[in-house]
Amino acid sequence: PRNMIPEFCRAVRELRPRAFIMENVRGLTRATFAPYFAYVLRQLSHPDAPPTPREAWDEHDARLQGLGATSASYRIHAAVLNAADYGVPQQRHRVFVVGFRADNAPEFAFPEPTHSRAALWHAQWVSGEYWSRHGLTRPAVPAPAPPGTGNPARLPWLTLRDAIGDLPAPSERASAFNHRLVPGARAYPGHTGSPVDQPSKALKAGVHGVPGGENTVLFPSGELRYLTVREAARVQTF
């Protein structure tokens, strides 16, 4: 993130857009990175006060703090959002930074979540609607209740079963190349797969390959298999 963010700040400084949005991993908000993340927000608030060529970031930050909020060129809003709270069958937490130029700054608030874990728990273990919808018998042992469980007004989180349950079972010889089964899935510490009746864990990809734990689905029987390309697309709502 430290390589991309200075370039983003430079773009804002040079282009002076009426508005911008930046998205990145929520790790930026961890205690280790929190001082740097606060510095990034101050940079974006004051793009007209760039760092000098030999100025360290903490020195630049001290100078920005001296400017104060009233002289900010941009009004900044930041929040960590979870895609599952907005109807995506995947728990994907990302930090969003939205900025509006001060001479054209509207009232802004991040959208309220539309879905919740509590509502999924209610649909599974109170009303049983989830299992009925999928033509299944409710399991005998309920999952632990999440905090705030009641008769929630929000919609249930969407699960892997919701996303891929209507697809045919994949096979190694499937005619659809993007729905072929890749054998050899396994769990290992920290990478245990995504239970089919919960939202998927955040899917990952990169030049290093696809890590198995995040891209596998775990069934109640204990079976673990890789998601197919088609299923991964469903999970990401492509």
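This is a short walk through one chain, from its overall form down to a few individual residues.

Hi everyone, and thanks for having me. One thing before we start: what you have on screen is a predicted model.

Let's begin with the whole chain. Its secondary structure comes to seven helices and 10 strands. The radius of gyration is 22 Å, well over the 18 Å that the globule rule gives for 238 residues, so the chain is more spread out than a compact globule. If you prefer to think in box dimensions, the C-alpha trace spans about 60 × 45 × 30 Å along its principal axes. As for burial, 37% of the 238 residues count as buried. And for those of you who like contact maps: take the contacts with a separation of 6 or more, and 62% of them are between residues 24 or more positions apart.

Now please rotate to helix α4, residues 117-125. Is this helix largely enclosed or left open by the rest of the structure? It is largely enclosed, because eight of its nine residues are buried. Those are A118, A119, L120, W121, H122, A123, Q124 and W125. What do they pack against? The partners are strand β5 at 115-116, helix α5 at 129-133 and strand β6 at 155-156. There is also a nice detail at the start of α4, where a side-chain oxygen of S116 comes to within 2.9 Å of the backbone nitrogen of A119.

Helix α4 also leads us to the largest pocket, since five of the lining residues come from α4, the largest share. The space in this pocket is about 310 Å³. In total 17 residues line the pocket, and the ones nearest its centre are Q124, A143, P195, D197 and Q198. You have already met Q124 as one of the buried residues of α4. If you are wondering about the chemistry of the lining, it divides into 13 nonpolar residues, two polar and two charged.

Let me finish with three single residues, starting with H60. You will find H60 in helix α3, residues 57-67. With a relative accessibility of 1%, H60 counts as buried. Which backbone atom does a polar atom of the H60 side chain lie 2.7 Å from? That would be the backbone oxygen of A49. Leaving aside neighbours within four places in sequence, H60 is in contact with A49 itself, along with Y39, Q43, P50, P51 and E55.

Next is R94, in strand β4, which covers residues 93-101. Buried or exposed, what would you guess for this arginine? It counts as buried, at 18% relative accessibility; the cut-off for buried is under 20%. The side chain of R94 is joined to that of E23 by a polar contact of 3.4 Å. Beyond four places in sequence, R94 touches E23, N24, V25 and R26, and also A79, V80 and L81.

Last comes Q91, in strand β3, residues 90-91. Here the relative accessibility is 29%, so Q91 counts as partly exposed. Q91 and P199 are 108 residues apart along the chain, and yet their C-alpha atoms are separated by 6.0 Å. P199 is also on the list of residues that Q91 touches, again not counting those up to four places away, and the others are N82, A84, W157, S200, K201 and A202.

That's my tour, so over to you for questions!

Conventions. Residues numbered from 1 in each chain as written. Predicted model: local features only at pLDDT ≥ 70, side-chain atom pairs only at ≥ 80, totals over all residues. Heavy atoms only, no water. Buried < 20%, exposed > 50% of the residue type's maximum accessible area, 1.4 Å probe, protein only. Helix = DSSP H or I, 4+ residues; strand = E, 2+ residues; numbered from the N terminus. Contact = heavy atoms within 4.5 Å. Polar contact = N/O pair within 3.5 Å; in protein donor to acceptor, adjacent residues only side chain to side chain. 1 Å grid on protein atoms, 1.4 Å probe; cavity = no way out; pocket = protein on both sides within 12 Å on 5 of 7 lines; lining within 4 Å. Points joined across faces, edges and corners; volume = space filled by probe spheres on them. Nonpolar A, V, L, I, M, F, W, Y, C, P; charged D, E, K, R; others polar. Rg over C-alpha atoms; globule rule 2.2 N^0.38 Å.
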